[in-house]
Amino acid sequence: MRSLFILCTVLFSFFTVQATNTDPKDDKTGTISGRVLDATLKEPLPYVNIIIKNDAGKTVTGSITLDDGSFIIEKIEEGKVVVSIQYIGYKTVNKNITIGKGNYKVNLGDVLLEEEAEGLDEVTVVADVSTIQQKVDRKVITIGKDLTTAGASASDIMNNIPSVSVDQQTGNISLRGNENVRVMVDGKLSNVPIAQLLKQIPSTSIKQIELITNPSAKYNPEGMSGIINIKLHKNTQIGFNGNFNVGVTKEVFAKFNSSIDMNYRNGKFNFYGNYGNNIGKYDNFGGIDRLDDNTRQDFKFGNNNKSHLYKIGVDFYMNDKNTISFFTNQNIFQGDGFGSTIITDNTFTQSQLFSNDSENSSGQYNLAYKHEFTDENETLDIEIDYNDFENDEIANFDFFNFSFPPNYVDNVDTKRNQTTVNVDYVKPINEKTKIEAGLEARLFDSDIDYSSTGQTFSSDANIIPTPSTDFTYNRDIYSAYFTFGKTLEKWNYQLGVRAEQVNVSADALRTFDDNSTELIPFTNDYFQVYPSAFLTFNPSEKNSYQLSFSRRVDRPGLQQVNPIREWSTPRISSFGNTQLQPQFTNSMETNYTRQLKNGSITAGVFYRIIEDNINRYVYIDRTDVSLGNAILSFDNFDNTTAFGLELSTNYRPTKWWSLNASFDLYSQTQRGITEIIDTDDIDNATVDDIVRLDTEVDNVIWNLRAFNNFKVSKKLSFSLFTMYRGEEKGIQFTRLPMFMVNTGMRYSFLEDDRATFSFNYSDILNTMKFEFEGDTPYPSVGGFNWESNTWNIALSYRFGGNKYRALRRKQRDDNTKSGGGGFL
């Protein structure tokens with residue numbers, strides 16, 4: 001990787017030298033530059049086609065705009081030309097230019113593109129059909145009205161997004177088959193658990209979803225597979241505006257959701273507020289057959305959840321150069337969980353009943369200041385963000401026909417907070433060169449108190465009351481970054497580096513029944529440098545190539561280091577590992593985008609080398625080996641690799657049919673530790689019969705998605721979605737293939753189509769289920785079902801006036817690895 005990075009640097013230097021060796025006296029060609037903006041929002045439009053045609057209408061050269069909307073086209077022959085500026089969903093702008101004496105360098109300034117009339121929306125632009133756009137470092141999915149019928153929440157939409165999967169059991173989200181992904185909302189981290197947060201965000205509030213698979217040094221380096229950023233609609237229209245949504249979803253239980261977004265803009269102030277809720281019960285059931293002892297475990301779980309989200313904010317436009325913004329997010333959640341586990345064989349039946357009450361609240365407070373300098377595109381952003389989270393949980397465990405353990409109650413109180421302060425500066429050196437620099441401090445503190453009425457085994461195998469545990473975890477990160485970008489005719493590149501100092505300290509204090517204590521301390525301070533490099537080549541207006549490299553890190557998540565039991569069934573318990581170290585990823589990616597007459601197609605290939613790989617550690621519970629119980633935890637393993645390819649298209653075969661389709665295939669090697677009992681006499685097995693296995697699994701997984709939208713009339717349309725998820729091998733088990741078909745319809749009515757009625761029927765063939773088979777630590781087969789065969793009815797109504805530009809905030813990412821993982 002170091003050699004490749006040096007080679008890229010040499011190539012960039014070579015191109016720079018070649019670009020500066022031309023004698024301007026001998027050059028009779030011209031240059032056309034400018035910047036393309038949305039006419040209403042006054043925001044830059046990236047990847048707009050800039051086509052240069054001669055008098056005969058023949059295309060002679062062209063380019064596309066960069067992320068800041070700017071473009072520059074060189075080597076244009078003397079004479080009259082037409083500059084055609086084209087972008088899907090916008091009206092084409094043509095400008096007649098004469099290249100000649102006294103006019104060899106033409107700057108068109110800001111070119112404003114107006115949206116097509118059918119795409120206008122008085123409050124916020126919500127297209128009928130979702131689109132996929134490949135940018136230099138990310139894939140942007142703009143959520144249309146078609147995808148909002150996929151379900152009521154962000155969690156429902158995610159399975160429709162290329163390369164993204166949601167575990168319907170746990171709510172965990174993965175990108176390119178890896179759960180080491182950061183999830184942001186409007187570029188901000190949240191202390192709310194991701195699975196809970198995704199179910200709380202109404203689907204109708206989502207404007208775009210960004211898949212940043214190889215982020216630059218400008219971004220925090222967490223996330224092996226990258227960043228998923230959910231961008232919400234934000235109104236800044238003159239006057240009073242808003243949008244109201246209500247819906248119901250049902251298979252076994254009914255679930256209700258509603259949301260309202262409002263804003264009032266008058267003069268220098270813009271006030272806005274949002275409220276959303278999800279209320280309902282959820283059903284989940286399944287079973288596991290143990291092949292070694294012919295026992296079966298039947299599971300049935302349910303949840304009765306109520307969640308509420310509130311957001312209030314204000315933008316103060318002091319003048320054309322200075323803007324101050326403040327907002328607060330408040331999340332309130334209450335959940336009642338219940339479940340049963342029944343273990344049967346030919347001679348006995350055992351069961352565990354489980355119930356828990358959980359209440360949590362989270363508050364986010366964000367203050368941002370933006371200053372625009374006199375020089376065009378030179379900006380300074382200062383942002384302070386504070387986030388706190390509190391959760392109280394009481395869990396009851398009742399056992400029948402078990403000699404151990406007795407019935408018990410667990411109490412867990414969690415408090416955590418995070419403060420982030422960052423400063424970002426952007427400075428264009430000239431039309432072709434730009435630098436960016438920034439500083440950031442992230443301070444994270446967590447305190448978890450655990451107590452139990454239960455009993456456990458001591459180190460000398462005696463039964464004692466379960467000790468209480470106070471686990472504190474603190475992590476401070478101080479970082480600085482610098483990026484340098486340059487455009488060379490049809491080439492542009494960006495080099496960056498981010499340096500971080502990380503200080504981690506943790507203490508697990510266990511207090512026993514006799515008031516004796518045991519302290520388990522942990523510290524880990526380290527300094528790391530994260531380089532990044534991006535190279536883009538645009539040979540024509542229809543073709544674009546990107547090559548990128550970055551180094552990233554996955555810091556252990558709180559649940560992965562927390563020594564307190566995360567969850568438990570009669571045969572499986574999960575704990576964290578306080579000694580877990582971060583893993584580092586060196587990632588390379590290349591993409592090709594082809595613009596078609598009625599859409600586009602993108603192909604990409606990626607390769608990763610993962611150092612100190614974090615993975616599951618599955619071992620046998622030593623307290624009583626004959627019971628056949630297992631313990632799940634995490635550990636660091638040897639370096640591993642992963643690679644894959646992706647294909648996606650956004651295409652409109654006819655005026656009434658549009659298609660979003662994607663295919664991804666990836667190969668990854670997983671390493672972990674499992675154990676087996678090497679004896680046929682399971683009832684009399686001892687610790688000496690346990691055999692440790694260093695397991696390595698090679699995987700080739702492929703997924704296919706296709707989303708069709710059929711427009712019957714201007715007001716009525718139908719959708720059809722299908723997904724296939726291929727077999728996936730893991731350390732503990734192999735997940736079998738999964739398949740699903742969804743269908744839906746939308747109808748718009750009232751003046752200006754202000755109201756929309758939608759109906760969606762998910763998993764119409766009732767085929768979506770989680771089935772698996774495994775050999776370690778015990779041979780078993782099983783499966784789980786959830787409420788996938790559901791119908792959803794939703795009604796949306798909008799009201800409002802004109803558009804106005806909003807404060808554009810920096811996009812920040814989360815800084816912790818995913819939680820402890822799933823039930824299995």
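Which residue of β3 stands opposite K53? In this predicted model, the answer is T59. The pair belongs to a chain with many strands, and a general view of that chain helps to place it.

The protein chain has 824 residues, and 53% of them count as buried. Its secondary structure comes to five helices and 46 strands. Contacts often link distant parts of the sequence: of those between residues at least 6 apart, 68% join residues at least 24 apart. The surface that the protein chain exposes is about 35100 Å², with 55% of this area supplied by carbon and sulfur atoms.

The opening pair can now be put in its sheet. Four strands, in the order β3-β2-β5-β6, make up an open sheet with antiparallel pairing. At its edges are β3 (59–64) and β6 (93–99), each of which pairs on one side only. From one strand to the next, the twist averages 20°. Within this sheet, β2 (residues 49–53) and β3 are joined in the antiparallel sense over five bridges. It is here that K53 faces T59 in β3.

A second open sheet is built from three strands in the order β4-β1-β7, and its pairing is mixed. The edges are taken by β4 (70–76) and β7 (105–113); each has a single partner strand, so one side of each is left without a neighbour in the sheet. Neighbouring strands here are turned by 20° against each other on average, direction ignored. Strand β1 (residues 30–38) runs antiparallel to β4, and the two are paired over five bridges. One pair of facing residues in these strands is G30 and I76, the latter in β4.

Strand β4 also holds a residue with a notable backbone angle. K75 lies in this strand, and its phi is positive, about 60°, although K75 is not a glycine. Is K75 buried, partly exposed or exposed? With a relative accessible area of 41%, K75 is partly exposed; the class of partly exposed residues lies between the limits of 20% and 50%.

Another residue with a positive phi appears further along the chain. E489, likewise a residue other than glycine, has a phi near 50°. Where is E489 found? Its place is the loop between β26 (468–488) and β27 (491–511). E489 counts as partly exposed, at 41% relative accessibility.

Strand β27, which follows that loop, contains N492. This residue has 12% relative accessibility and so counts as buried, the limit being under 20%. Which residues does N492 touch, once neighbours within four places in sequence are left aside? Its contacts are L66, K486, T487, F534, L535, T536 and N538.

Strand β34 (residues 613–620) gives a view of a covered part of the chain. Seven of the eight residues of β34 are buried, and the strand is described as mostly covered. Strand β35 (residues 630–637) pairs with β34 in the antiparallel sense, over eight bridges. Across this pairing, N613 stands opposite F637 in β35.

A further buried residue is S719, which has 4% relative accessibility. S719 sits in strand β39 (residues 716–725). How far apart are S719 and N709 in space, C-alpha to C-alpha? The distance is 4.4 Å, for two residues that are 10 apart in sequence.

The surface, finally, carries a nonpolar patch. The patch is formed by F244, V246, Y747, L750, F757, F759, W791, I793, L795 and Y797, and together these residues have about 800 Å² of accessible area. At least two residues of the patch come from each of β15 (239–250), β43 (755–761) and β46 (791–799). Which strand gives the most to the nonpolar patch? That strand is β46, with four residues. In a regular strand, side chains alternate between the two faces of the sheet. Among the members of the patch, L795 lies in strand β46. L795 is partly exposed, as its relative accessible area is 37%.

Definitions and conventions. Residues are numbered from 1 along each chain as its sequence is written. This is a predicted model: local features need pLDDT of at least 70, side-chain atom pairs count only at pLDDT 80 or more; totals for chains, interfaces and linings use all residues. Side-chain values use heavy atoms; hydrogens and water are left out. Buried means under 20% relative accessible area, exposed over 50%, partly exposed in between (1.4 Å probe, protein chains only). Contact means heavy atoms within 4.5 Å. Accessible areas come from the Shrake-Rupley method with a 1.4 Å probe; for residues, only the protein chains shown count as cover. Two strands pair if DSSP finds at least two bridges between them. Axes are lines fitted to C-alpha atoms, for helices over the stretch in contact, and angles run from 0 to 180 degrees between N-to-C directions. Patches are made of residues with over 30% relative accessible area and no salt bridge: like charges are joined within 9 Å, nonpolar side chains (Val, Leu, Ile, Met, Phe, Trp, Tyr) within 5 Å. A salt bridge is a side-chain nitrogen of Lys or Arg within 4 Å of a carboxyl oxygen of Asp or Glu.
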